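Work through the exercises below with the sequence and coordinates at hand. Each task is followed by a solution in steps.

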Amino acid sequence: MTVHPSLQTYVDAWTHSVEAIAELVQPLGEGEWNRRTPCPGWSVRDIISHVIGMECEMLGDPRPIHTLPRDLYHVKSEISRYMEMQVDVRRHHTAPEMTSELEYTVIRRNRQLRNETRQPDAMVRAPLGTEQTLETAMRDRAFDIWVHEQDLRTALDKPGNLDSPGALVARDALLAALPKVVAKDAGAPPSSAVVLDVHGPVEFLRTIRVDAEGRGTIDGAPSLGPAVTLAMDWETYFRLACGRVRLASVVDRVKIDGDYDLAEAILREFAVTR
């Protein structure tokens, strides 16, 4: 590997998840590709199409020229329209076509990663014609592909890898979004603290603190008098934070101590990705 050391964690997580995905879909019959997943509006085939499409973009391939149907209810924003293009263009592909393209794309990406010599701060292509650093792109791919691996496992009833390298990348990415969720989106009062206690295959305790100016930060030190403590298992946490379940369906798995109204406001804004 010639990839920069600070990128290796993301490469390892991506590799672990993409290999798991390939193994999950390889034996599927044609009808199983149409199974609904927790990702809104997407089937098993759609998720694989998304994975293929985004990895092709990392390779620098041109985007497909394609007109989306008007009746896709889950396409509600510019970014979702952007993502849907790579998905809809493959909606009528057969199972062998999907597995072959996935295999070929992964081979190409593995070759690209083996030969990667750019620095983490090198600017690369990002969605919607923008740019991002290579480190951000690699982190986002590792996060995205692990979440979609879990979508597929749910759809196919093949649980696993809840504590894999990708799970740890996802944990860090989701936690980084919490200060904004608590302080800005949910409007936690200044000089307050919210504690998140997560148990299970990945476990941690974090305190989100809101300063006198209303800015949020996060750390691992406990708070002596939090306004709210939210406790839940890891699977419930990431599914809520990724918009895979509604609170009403997992409310029995979330324990709330403290200001219930604030807790409800936080949980309403909990989904930071879809």
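On a 1 Å grid over the protein atoms alone, a cavity is a set of points where a 1.4 Å probe fits but cannot get out, and its lining residues have an atom within 4 Å of a point. Grid points are joined across faces, edges and corners, and a volume is the space filled by probe spheres set on the points. This is a predicted model, in which local features need pLDDT of at least 70 and side-chain atom pairs count only at pLDDT 80 or more, while totals for chains, interfaces and linings use all residues. Residues are numbered from 1 along each chain as its sequence is written, and side-chain values use heavy atoms, with hydrogens and water left out.

**Exercise 1.** Find how many cavities of 30 Å³ or more there are, and describe the lining of the largest cavity.

Solution.
- Step 1: the count is one cavity of 30 Å³ or more.
- Step 2: the largest cavity holds about 40 Å³ of space.
- Step 3: its lining consists of Leu178, Val182, Val194, Leu196, Ile208, Leu230, Ile266 and Phe270. H7 and S3 are the elements that give two or more residues to this lining; helices (H or I, at least four residues) and strands (E, at least two) are DSSP runs, numbered from the N terminus.
- Step 4: sorted by type, the lining has eight nonpolar, no polar and no charged residues. Here Ala, Val, Leu, Ile, Met, Phe, Trp, Tyr, Cys and Pro count as nonpolar, Asp, Glu, Lys and Arg as charged, and the others, Gly among them, as polar.

**Exercise 2.** Which residues touch the most other members of the largest nonpolar core?

Solution.
- Step 1: a nonpolar core is a set of buried Ala, Val, Leu, Ile, Met, Phe, Trp, Tyr and Cys residues joined through side-chain atoms within 4.5 Å. Buried means under 20% relative accessible area, exposed over 50%, and partly exposed in between (1.4 Å probe, protein chains only).
- Step 2: the largest core has 75 residues, and Ile48, Leu196, Met232, Trp234, Tyr237, Ile266 and Phe270 touch the most other members. Helix H5 (residues 134-156) supplies the largest share of this core, eleven residues.
- Step 3: take Phe270 and skip its neighbours within four places in sequence; Phe270 is then in contact (heavy atoms within 4.5 Å) with Leu178, Val181, Met232, Tyr237, Leu240 and Ala241.

**Exercise 3.** Explain why Cys39 forms no bond with the closest cysteine sulfur.

Solution.
- Step 1: a disulfide is a pair of cysteine sulfur atoms within 2.5 Å.
- Step 2: the sulfur closest to that of Cys39 belongs to Cys242 and is 9.6 Å away, so the two are too far apart for a bond.
- Step 3: Cys39 is buried at 4% relative accessibility, and Cys242 is buried at 1%.
- Step 4: searching the whole structure gives zero disulfides.

**Exercise 4.** Is Asn161 buried, partly exposed or exposed, and which of these is Ser191?

Solution.
- Step 1: Asn161 lies in the loop between H5 and helix H6 (165-176). Asn161 is not a glycine, yet its phi is positive, about 60°.
- Step 2: with 22% relative accessibility, Asn161 is partly exposed.
- Step 3: Ser191 lies in the loop between helix H7 (178-185) and strand S3 (192-199). Ser191 also has a positive phi of about 60° without being a glycine.
- Step 4: with 59% relative accessibility, Ser191 is exposed.

How values were computed
1 Å grid on protein atoms, 1.4 Å probe; cavity = no way out; pocket = protein on both sides within 12 Å on 5 of 7 lines; lining within 4 Å.
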